[in-house]
Amino acid sequence: MRHGRVREPARILVVGGGYVGMYTALRLQKKLRGELRSGAVEIVVVTPDPYMTYQPFLPEAAAGSISPRHVVVSLRSVLEHCHVIVGEVVAVDHAKRTASYTTLASKDEGTGPATVTYDELVLAPGSVSRTLPVPGLAEFGIGFKTVEEAVGLRNHVIEQLDIASSTRDPAVRDAALTFVFVGGGYAGVEALGELEDMARYAAKHYHNVKPEDLKWILVEASDRILPEVGPEMGRYTIRELRGRNVDVRLATRLESCENRTAVLSDGSRFPTRTVVWTAGVKPSPLLAATDLPLTGRGRLRCTAALAVDGAPHAWGAGDAAAVPDVTADEPGTECAPNAQHAVRQARTLADNIAASLRGQALTDYEHAYVGSVASLGLHKGVAHVYGRKVKGYPAWFMHRIYHLNRVPTVNRKARVLTEWTLSALFKREIVSLGSLERPRAEFELAAGTVPPSDPSAPPAGGPKGSP
């Protein structure tokens, strides 16, 4: 019964199509196969993108080792028994069991947000980049959290080599060949490692750019990098990067990047056209537009069973949820907001929702952290798994095997493995497709809608989408 009047299917609303959203809906399809077939249950997934991005592969997509379309998984393909709505939830009123959302058609319709009612809510909007009020960051910073940003960064790095190769101005050349990465976690270290590897190879194809001309700077506010792999492997990573002429700055912050100049807290100044920001994440702003209980850090306050504390029929997991870590020695510890927990939490979450609908007991999420693997470029990596420390080629190989096993669907596994095989047999692709970011630029210029003198217009016959 819904609203005490009409018998309707129990509607499970899944907000978000990332790790938690996709894996939860996928498992619910299996657990509730009978209910879905009989019409007793329906699953609605509202997500801003029609695909799930496997983020551990973003560095390899940026380096060209994997095609960007193989880093994402179509939600409509894998969630065949769910109703997928490409839209953005803007508010949730759990007291009334309603959620408001907009779609790509909302602006043209002019009717404002639509409303969907639900019986069970899975709130998994994930996280967004955690930015700081650094002068110039909003204007010149580049993120690294989506496949679009990974592709854009690859194009940008190759275009900087083109600029350096063609300019006669030493200052412009120096800025183009200086790359600053802020954040020493997985995203920053892996992105820098893969792109440095790719750019060093690409530089060999320029007659007047040498690999040693490129300047790579990693800025980390704490006194260590890659804390997930342990202190020893973190120190090894620093030695490995510095051996490749990467300038690693620990206990250092980015204070400004105005006027294309990175100013660090240690007083250093680097003219640069590339500042990549990977300094952490924060919960999605959507959580603030709900009536659900949040922690001081803005995450959903959840129980070990992944139910929102004090809000019956609401569930949370992943980056947006503060889930107690029942395996931790210290009371009050929460599960880290990483992919390893998100994927495993989704399994328990789906099982508990199915159990709740059937009046069965719930199960607490319990998973001991087994370790981490990280790639530092082709044939280079670090790992700390089951207490064992591995580095170099074996760690890189473990990284690939682990993520090949974890990437969703047999289709994606086969395509990624094929691309890796081809990459081993043939040379790297070093083509920049900056025009993909403004595909209509050439036509607009030809049609006269963009004045040739417009500084935002690409030069005729030149690269489009250049920064």
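Biologist: How many of the 20 residues of α7 are buried?
Modeller: Helix α7 is mostly covered. Helices and strands here are DSSP runs numbered from the N terminus (H or I, at least four residues; E, at least two), and buried means under 20% relative accessible area, exposed over 50%, partly exposed in between (1.4 Å probe, protein chains only). Out of the 20 residues in α7, the buried count is 14.

Biologist: What pLDDT do local features need?
Modeller: Residues are numbered from 1 along each chain as its sequence is written, and side-chain values use heavy atoms, with hydrogens and water left out. This is a predicted model, so to speak with filters on: totals for chains, interfaces and linings use all residues, side-chain atom pairs count only at pLDDT 80 or more, and local features need pLDDT of at least 70.

Biologist: What is the radius of gyration of the protein chain?
Modeller: The chain has 14 helices and 24 strands. For 467 residues the globule rule (2.2 Å times the number of residues to the power 0.38) gives 23 Å. The C-alpha value is close to that, so the chain is as compact as a globular protein of that length, at 24 Å.

Biologist: How many residues apart in sequence are Arg-11 and Glu-42?
Modeller: They form a salt bridge (a Lys or Arg side-chain nitrogen within 4 Å of an Asp or Glu carboxyl oxygen), with the closest N and O atoms 2.7 Å apart. Arg-11 sits in strand β1 and Glu-42 in strand β2, so the pair ties together parts whose separation is 31 residues.

Biologist: Is Asp-197 buried or partly exposed?
Modeller: Asp-197, in helix α9, is paired with Arg-428 in the loop between α13 and α14, so parts 231 residues apart get tied together. The N to O distance of that salt bridge is 3.7 Å. Arg-428 is partly exposed at 21% relative accessibility, whereas Asp-197, at 8%, is buried.

Biologist: Which residues are linked with Asp-197 and Arg-428 in a network of salt bridges?
Modeller: The whole structure has 16 salt bridges. In the network, Asp-197 and Arg-428 are joined by Glu-196, Arg-200, Glu-240, Arg-244 and Lys-380.

Biologist: Which residues make the nonpolar surface patch of about 310 Å²?
Modeller: Patch members need over 30% relative accessible area and no salt bridge, with like charges joined within 9 Å and nonpolar side chains (Val, Leu, Ile, Met, Phe, Trp, Tyr) within 5 Å. One member lies in helix α12 (residues 393-406) and is partly exposed at 46% relative accessibility. The patch is made by Tyr-393, Phe-397 and Ile-401.

How values were computed. Accessible areas come from the Shrake-Rupley method with a 1.4 Å probe; for residues, only the protein chains shown count as cover.
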